[in-house]
Amino acid sequence: TLPVGAANDIVLDDASSDFNTVLIVSANDAEITETNALALGASNVSNDLTIDTDGDLTDSGTLVVAGTTTLTAGAANDIVLDDASSDFNTVSIVSANDVDMTDVDEIDLGAATVSNDLTITAGGDISNSDALAVSGDSVFSAASGSSIAVDNAANDFSGAVSFLPVSGQLQDVSVTDVTDFTELISGNQSQISAVSYTHLTL
């Protein structure tokens, strides 16, 4: 349990460190390196969060990060941060196998490299400020009335891409793939008011 205050930083970056569950009660920037798997307990970070593991990364409580979250798990390891109350801003995934993340409101996806499947669930809009490279399937779910824009010009989706409302109807959906889509799934068309896409082959 690490309470250093909202104006102070946490840097625990020794590559041999081995934690179990880490709770960041308060910090400005937080950087943690773990040699195995890591569970994040309830945490509140006023600026940026950087996590580098050599195993799976999970959560056991709500994560609130006001700045950029940068996650590295390795191409063979999973990231599952699915607490329904977690609140991220921009999330970047340096490497991971499967990724499953939930945000209570809007979320921005920065640069991400995912070796298998990507699942993002949000209570607000989903946006995309940098390139996503996903080797498996991608599923984007947002709350009724929200929009999903995964339209960075360098996105590369190798598997199926799905857009689903958590409930009700999505507002707008836009998606870009640098190559042709393998499969685009937008649920029942009545659930989405408008869809735009680039490089779609059916």
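Where in the chain does Ser17 lie? Ser17 sits in the loop between S2 and strand S3 (21-22). The model is predicted. The chain has 25 strands and zero helices. Of its 202 residues, 44% count as buried.

**Chain totals**

- The exposed area of the chain is about 8300 Å². Carbon and sulfur atoms supply 46% of that area.
- Take the contacts in the chain with a separation of 6 or more: residues 24 or more positions apart account for 14% of them.

**Ser17 and its loop**

- Ser17 has 18% relative accessibility. The cut-off for buried is under 20%, so Ser17 counts as buried.
- Beyond its neighbours within four places in sequence, Ser17 is in contact with Thr33, Glu34 and Thr35.
- Ser17 and Ile32 are 15 residues apart along the chain. Their C-alpha atoms are separated by 9.0 Å.

**Strand S5 and its partners**

- Strand S5 covers residues 30-34. Four of its five residues are buried, so S5 is largely enclosed by the rest of the structure.
- Strand S2 (residues 10-12) runs parallel to S5. Three bridges join the two.
- Within that pairing, Val11 has Glu31 in S5 as its bridge partner.
- Strand S8 (residues 49-53) also pairs with S5 in the parallel sense. This pairing has five bridges.
- Here Ala30 has Leu49 in S8 as its bridge partner.

**Strand S13 and its partners**

- Strand S13 spans residues 90-96. Six of its seven residues are buried, so S13 is largely enclosed by the rest of the structure.
- S11 pairs with S13 over five bridges, in the parallel sense. Thr68 has Thr90 in S13 as its bridge partner.
- S13 is also joined to S15 by four bridges, and the two run parallel. In this pairing Ala96 stands opposite Val114 in S15.

**Asn77 and its loop**

- Asn77 is placed in the loop between strand S11 (68-72) and strand S12 (79-81).
- Its relative accessible area is 16%. Buried means under 20%, so Asn77 is buried.
- A polar atom of the Asn77 side chain lies 2.7 Å from the backbone oxygen of Ala73.
- Leaving aside neighbours within four places in sequence, Asn77 is in contact with Asp54, Gly55 and Asp56. Asn77 is also in contact with Ala96, Asn97 and Asp98.
- Ala96 thus appears twice: as a contact of Asn77, and opposite Val114 in S15.

**Nonpolar core**

- The largest nonpolar core has 44 residues. Those with the most contacts inside this core are Ile24, Ile79, Ile126, Phe140, Ile148, Val150 and Phe163.
- Strand S15 (residues 107-114) gives the most to this core, with four residues.
- Phe140 touches many residues beyond four places away in sequence, including Leu109, Leu118, Ile120, Ile126 and Leu132. Ile148, Val150, Phe157, Val161, Ser162, Phe163 and Leu164 are also touched by Phe140.

**Aromatic pairs**

- How many aromatic pairs does the structure hold? The structure holds two.
- Phe140 and Phe157 form an edge-to-face pair. The distance is 6.2 Å centre to centre, with 80° between the planes.
- Phe140 lies in strand S19 (residues 138-142) and Phe157 in strand S21 (residues 156-157), so this pair ties together parts that are 17 residues apart in sequence.
- Phe140 has 0% relative accessibility and counts as buried. Phe157, at 1% relative accessibility, counts as buried.
- Phe140 and Phe163 form a stacked pair. The distance is 5.8 Å centre to centre, with 20° between the planes.
- This pair links distant parts of the chain, with Phe140 in strand S19 and Phe163 in strand S22 (residues 160-165), 23 residues apart.
- Phe163 is buried, and so is Phe140.
- Ring pairs link Phe140, Phe157 and Phe163 into a cluster.

Notes. Residues are numbered from 1 along each chain as its sequence is written. This is a predicted model: local features need pLDDT of at least 70, side-chain atom pairs count only at pLDDT 80 or more; totals for chains, interfaces and linings use all residues. Side-chain values use heavy atoms; hydrogens and water are left out. Buried means under 20% relative accessible area, exposed over 50%, partly exposed in between (1.4 Å probe, protein chains only). Two strands pair if DSSP finds at least two bridges between them. A nonpolar core is a set of buried Ala, Val, Leu, Ile, Met, Phe, Trp, Tyr and Cys residues joined through side-chain atoms within 4.5 Å. Contact means heavy atoms within 4.5 Å. Accessible areas come from the Shrake-Rupley method with a 1.4 Å probe; for residues, only the protein chains shown count as cover. A polar contact is a pair of N or O atoms within 3.5 Å; within protein, one must be able to donate a hydrogen and the other to accept it, and residues adjacent in sequence count only if both atoms are side-chain atoms. Rings of Phe, Tyr and Trp (its six-membered ring) pair if their centres lie within 6.5 Å; planes under 30 degrees apart count as stacked, over 60 as edge-to-face and the rest as tilted.
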